[in-house]
Amino acid sequence: MMVDNRIDYYPTHEHEGIKFRRGHALPFGATMVAGGVNFSIFSSGSTACTLVLFERGEALPFAEIPFPDEFRVGNVYCMTVFDLNYERLEYGYRMDGPFNPSAGLRFDKTAILSDPYAKVLGGRDTWMVKPDWDNVYQYRSRLAFEDFDWEQDHPLETPIEDLIIYEMHVRGFTQHESSGLKNRGTFSAIRSKIPYLKELGVNCVELLPIYEFDEWENSRQNPVTGETLVNYWGYSTVNFFSPKAGYAATGKFGMQVDELKTLIKELHKNGIEVMLDVVFNHTAEGDQRGPTISFRGLDNKTYYMLTPEGYYFNFSGTGNTLNCNNPVVRNMVLDCLRYWASEYHIDGFRFDLAAILGRAQNGAPLSNPPLLESLAYDPVLAKCKLIAEAWDAGGLYQVGSFPAYGRWAEWNGKYRDNLRKFLKGDAGEVGDMIQRIMGSPDLYSMRGPTASINFVSCHDGFSLYDMFAYNEKHNEANGENNNDGANDNNSWNCGHEGETDDPAINFLRHKQVKNALAILLVSQGVPMVLMGDEVGRTQKGNNNTYCQDNELNWFDWSQQETNADLYTFSQRIINFRRQHPVLRSSTHFQYWDYVGSGYPDISFHGTKAWSCDRSESSRTFAFMLCGDHAKQGVIKDDMIYVAMNMYWGGLHFELPGLPPEKKWYLFANTDMPSPGDCFVPGSEPILENQHEFLVGSRSVVILIGR
């Protein structure tokens, strides 16, 4: 926390022995000043505000100080209170004003409200410790102390085309007992697994929401097992500035800030960036039936999109929609991201349901959304990666058309859908797949391949293994009669629904997982791998595990051994990408030989070299990258040839000829059992037949020419 060192602070007022004075309107939140704390809170429709002060953990406040009228500057209440115990202080506000829902006003002075700018929130300090539901103040604002020693750490600023993103849930990564760790499910435990991440080869972790949320939100019992279902994913923010205390081994001591910063610092030391999945589209307050925690009671009309009748627009599918293009809310989002970038050294942000951020207050898409523009040009965020989930639950789908301002990248949902269909052998996918492996120039012609975050699986949907083990979703454990979750999974069970002892089916499933990873890692754009896909993690057919705090979501570390073939393949294909810059271009291909190598930068082939069948019935194609064109011809790399055969029979592929001094070597052949399915990059065996390769059914072959 910043300390204002002015020495001329002195109290002018006193309330029940507590001394205070008019404060500063900015910055919002609680700021330590000489001898006291400055409190500043915005509310445009209230008639009065009271500061409520608690001793940490006490049921009742020790003071409630009404803001005198002269302490209001515009729509901001500000007060400096002296002689407080910073480390033991909890605070909140009561707002008085009209309660008229049809007019969008929901003031209720009986409620104690959290500060939207609080840097630490108490009340859910330890994961799944049952709260005191009778507590008058559930989510308690606290002070944070900016005294962490970062030493020389700073955001890594890795070029985005060089990233390999690993989407991870903080708790799920280490909570399984097979992790063998002491403080499982915490920031601290992730530090112990950094060697694993380095060995795997990823250089960026994207953390599912770590802002403070309430795991008890909408908790209920599994009707079958009796197990408690919880808000596990955390896509329901209580406070945007505070790290989740329940993810910290030290959360019960209020040390979550330091524990998270220590993790980030250690990841940076090991060359791994940290990206946060942020949820600015809605809050945990839900619709009109939800709890009043903060925003609703402070200024409902400002913070939320409302219908003319005063109900909540629900473009998020969760009950409410944050009014992000209101200037006050827009500034809060900016302040929040600046805070995380500067105080936590965060390298980038992925915005959940980001299409909402481009909607006006009435829900209409804006042609020039001020929030998205502000984020793109913000000086503090200038080096941060900005990634949009370019759709929302209201039907706005902007993949390829998200307002980018030269900065934004997108989760490429079309990459996911085309690749899944291609892998299961659908007809008519070759043309689209050619676009996808090139970084989707049909979608991002002016933005380059780095606008495309490529993925085949993510937290939302089937795990990669389950895509080849289930035709249908099996979400009964969620207690919603299997009505939740998507129905269009583009999955294929390889001949049997669920687990089987059939070795042929299991081999095919593993092969399909390898096919998916191989294509993902040789595509232009930025690849993202879902936690556990590298070892065949299964959710047992559940494609919407948002409420499952159990083995459906936890990383089972024993699978690193039981599915060693998948892990080894994943590790080698990731490191193959890292060793070959020709796979990581920041610009689109030009389809011609602009360096004089005798080959175009990319060429397409089929069972006949230089002849690619893009017809409706085709399920095969190959491409070759000329290494002399790597990084626009600045770096020399090997030739890379990738053949993909999703036909149900093996096919002979004629290989394109190489320069006389070069030969073809085999890096990967997913049709072969391990260890012959791939080789350590740099130790690939030479091909006996330099002219033709038999690519097995539903298989991918990767060759290098050197």
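Here are six short exercises with worked solutions on the predicted model shown above.

**Exercise 1. The barrel**

Task: Work out which strands close into a barrel, and how S16 is joined to S21.

Solution:
- Begin with the strand order. Eight strands make the barrel, running S15-S16-S21-S22-S23-S24-S25-S26, and their pairing is parallel.
- Next comes the geometry: from one strand to the next, the twist averages 30°.
- Now zoom in on one pair. Strand S16 (residues 204-207) and strand S21 (residues 273-278) run parallel and are joined by four bridges.
- To find this pair on screen, look for Leu207, which stands opposite Leu276 in S21.

**Exercise 2. A polar residue in a barrel strand**

Task: Find the strand that holds Asn454, decide whether this residue is buried or exposed, and list the polar partners of its side chain.

Solution:
- Asn454 belongs to strand S25 (residues 452-454), and S25 is one of the barrel strands.
- With a relative accessible area of 0%, Asn454 is buried, because anything under 20% counts as buried.
- One polar partner is in the strand itself: the side chains of Asn454 and Ser452 make a polar contact at 2.6 Å.
- Another partner is a backbone atom, since the oxygen of Gln524 lies 2.7 Å from a polar atom of the Asn454 side chain.
- Finally, look at the wider surroundings. Setting aside neighbours within four places in sequence, the contacts of Asn454 include Asn412, Tyr415, Leu520, Ser523, Gln524 and Met528.

**Exercise 3. The open sheet and its charged network**

Task: Give the strand order of the five-stranded open sheet, name its edge strands, and follow Glu90 from its strand into a network of salt bridges.

Solution:
- The order is S7-S6-S10-S14-S13, and the pairing is antiparallel.
- Strand S7 (63-66) and strand S13 (120-122) are the edges; each has a single partner strand, so one side of each lacks a neighbour in the sheet.
- Across this sheet the twist averages 35° from one strand to the next.
- Inside the sheet, two bridges join strand S10 (residues 89-96) to strand S14 (residues 140-142), and the two run antiparallel.
- In this pair, Glu90 stands opposite Arg142 in S14.
- The side chains add another link: Glu90 and Arg142 belong to a network of salt bridges together with Asp125 and Arg140.

**Exercise 4. Two helices against a ruler**

Task: Compare the spans of H4 and H6 with the expected values, then see what lies at their ends.

Solution:
- Helix H4 (residues 256-269) has 14 residues and reaches 20 Å from its first C-alpha to its last, close to the expected 20 Å.
- Helix H6 (residues 327-343) has 17 residues; its end C-alpha atoms are 23 Å apart, which agrees with the 24 Å it should span at 1.5 Å a residue.
- At the N-terminal end of H6, Asn326 acts as a cap, with a side-chain oxygen 2.8 Å from the backbone nitrogen of Val328.
- After H4 comes Gly271, with a positive phi near 75°. H6 is followed by His345, also with a positive phi, near 60°.

**Exercise 5. How enclosed is H4?**

Task: Count how many residues of H4 are buried, and name some of them.

Solution:
- Ten of the 14 residues are buried, so H4 is largely enclosed by the rest of the structure.
- Hydrophobic names such as Val257, Leu260, Leu263, Ile264 and Leu267 are among the buried residues.
- The buried residues also include Gln256, Glu259, Lys261, Lys265 and His268.

**Exercise 6. Three salt bridges and their surroundings**

Task: Out of the 32 salt bridges in the structure, take those of Asp426, Asp442 and Glu684, and classify the accessibility of the partners.

Solution:
- Asp426 pairs with Lys424, with the closest N and O atoms 3.1 Å apart. Asp426 is partly exposed at 24%, and Lys424 is partly exposed at 23%.
- Asp442 pairs with Arg436 at 2.9 Å between the closest N and O atoms. Asp442 is partly exposed at 40%, whereas Arg436 is buried at 3%.
- Glu684 and Arg706 meet in a salt bridge at 3.0 Å, N to O. This pair links distant parts of the chain, 22 residues apart: Glu684 is in the loop between strand S31 (664-669) and strand S32 (692-695), and Arg706 is in the segment after strand S33 (699-705).
- Glu684 is buried at 5%, while Arg706 is partly exposed at 30%.

Terms used:
Residues numbered from 1 in each chain as written. Predicted model: local features only at pLDDT ≥ 70, side-chain atom pairs only at ≥ 80, totals over all residues. Heavy atoms only, no water. Salt bridge = Lys/Arg side-chain N within 4 Å of Asp/Glu carboxyl O. Buried < 20%, exposed > 50% of the residue type's maximum accessible area, 1.4 Å probe, protein only. Expected span 1.5 Å × (residues − 1). Polar contact = N/O pair within 3.5 Å; in protein donor to acceptor, adjacent residues only side chain to side chain. Contact = heavy atoms within 4.5 Å. Pairing = 2+ DSSP bridges. Axes fitted to C-alpha atoms, helices over the stretch in contact; angles between N-to-C directions.
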